[in-house]
Amino acid sequence: MTREFILFSRIGKTSPDFRNLHDAGRLDIVHECVVASLFLSHGLRRNVVFHAVLNGPPNPPLHIQIDGATLYDVRTDMDTWQSILKKVIGGKQHPGITVSRTSFEALVKAKAETAGIYVLEEGGRDVADVELPEDCVFVLGDHVGLPRKAEGFALRYGEKISLGKQPYLAASCITILNYVLDRKVKSCF
Ligand SMILES: C[S@@+](CC[C@H](N)C(=O)[O-])C[C@H]1O[C@@H](n2cnc3c(N)ncnc32)[C@H](O)[C@@H]1O
């Protein structure tokens, strides 16, 4: 049973020459989403994979995949993730993290072969009414939201789901989904 989250970052910088995550095209949102996706108190979610597709300058797209199964040598704070993101965007290695030139569209298409695709949006079908499959991929927009074109593409493979009418931060959406899914799995036993 795997959970994956894909964050579409419109302006996330694709080169490592930045001084802080916020000014690097809101890579602070990537940091927040990484923590919400992968960290438990005193442990990592080994069944979760987080993806960020950065579409900012100078050389988009850049796909960063962070796999909870193999992620290592990490903490939750922003300084740690600023160093890690700088390192991997600059072409260096970190355990559990892979970087490629895969576009958002190619990633969604590949994931749709083995998992259900769900696009997070306030106006979608209430998550409480959706029978989620074992393997789910959730697609989220950044501070501006998912561009129409990207949303339209993802919806060829999946459906829109909602966590309610409140517009939450992307990281809060991930926390809510992890909680909902944790409760579902627990109730199976
Ligand atoms: C900070 S929100 C962006 C809000 C932005 N004003 C917009 O128009 O989309 C970031 C992402 O979180 C997700 N999101 C926020 N609130 C949600 C909700 N109540 N239900 C489902 N997804 C939500 C969406 O994927 C959104 O693109």
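Two rings of Phe, Tyr or Trp count as a pair here if their centres lie within 6.5 Å, and a pair is called stacked if the planes are under 30 degrees apart. With that in hand, let us walk through this structure, which is a predicted model.

By that definition, the structure holds 4 aromatic pairs. One of them brings together Phe5 and Phe138: the ring centres are 5.6 Å apart and the planes meet at 25°, so this pair is stacked. The two partners come from distant parts of the chain, with Phe5 in strand E1 (residues 3-9) and Phe138 in strand E8, 133 residues apart. If you want to describe such a pair in your own work, the two quantities to use are the distance of the centres and the angle of the planes.

Strand E8 also leads us to the ligand. Where does the ligand sit? You will find it in the largest pocket. Strand E8 (136-141) is among the elements that give two or more residues to the shell around the ligand, together with strand E7 (116-126), strand E9 (158-162) and helix H5 (170-187). Of these, E7 provides the largest share, with 3 residues. Sorted by class, the shell has 10 nonpolar, 6 polar and 3 charged residues. In total, 19 residues surround the ligand, and those that come nearest are Leu120, Leu163, Gly164, Gln166 and Tyr168.

Now for the polar contacts, where the protein backbone takes part. A backbone N or O atom of Gln166 is 2.6 Å from a nitrogen atom of the ligand. Glu121 offers a polar backbone atom at 3.2 Å from a ligand nitrogen, and a polar backbone atom of Gly141 is 3.2 Å from an oxygen atom of the ligand. As for cover, the ligand on its own has 560 Å² of accessible area, and the protein covers 80% of that.

Finally, a few backbone details deserve a look if you are checking geometry. Which peptide bonds are cis in the loop between E4 and E5? One is the bond from Pro57 to Pro58, with omega near 5°; Pro58 lies in the loop that runs between strand E4 (48-54) and strand E5 (62-67). Another is the bond from Pro60 to Pro61, with omega near -5°, and Pro61 is found in the loop between E4 and E5 as well. Elsewhere, Arg26 has a positive phi of about 60° although it is not a glycine. To locate Arg26, look in the loop between E1 and helix H1 (27-38).

Methods
Residues numbered from 1 in each chain as written. Predicted model: local features only at pLDDT ≥ 70, side-chain atom pairs only at ≥ 80, totals over all residues. Heavy atoms only, no water. Near = heavy atom within 4 Å. Polar contact = N/O pair within 3.5 Å; in protein donor to acceptor, adjacent residues only side chain to side chain. Areas by Shrake-Rupley, 256 points an atom, 1.4 Å probe, with all protein chains shown as cover. 1 Å grid on protein atoms, 1.4 Å probe; cavity = no way out; pocket = protein on both sides within 12 Å on 5 of 7 lines; lining within 4 Å. Sits in = over half its atoms within 2 Å of the grid points. Helix = DSSP H or I, 4+ residues; strand = E, 2+ residues; numbered from the N terminus. Nonpolar A, V, L, I, M, F, W, Y, C, P; charged D, E, K, R; others polar. Phe/Tyr/Trp six-rings, centres within 6.5 Å; stacked < 30°, edge-to-face > 60°.
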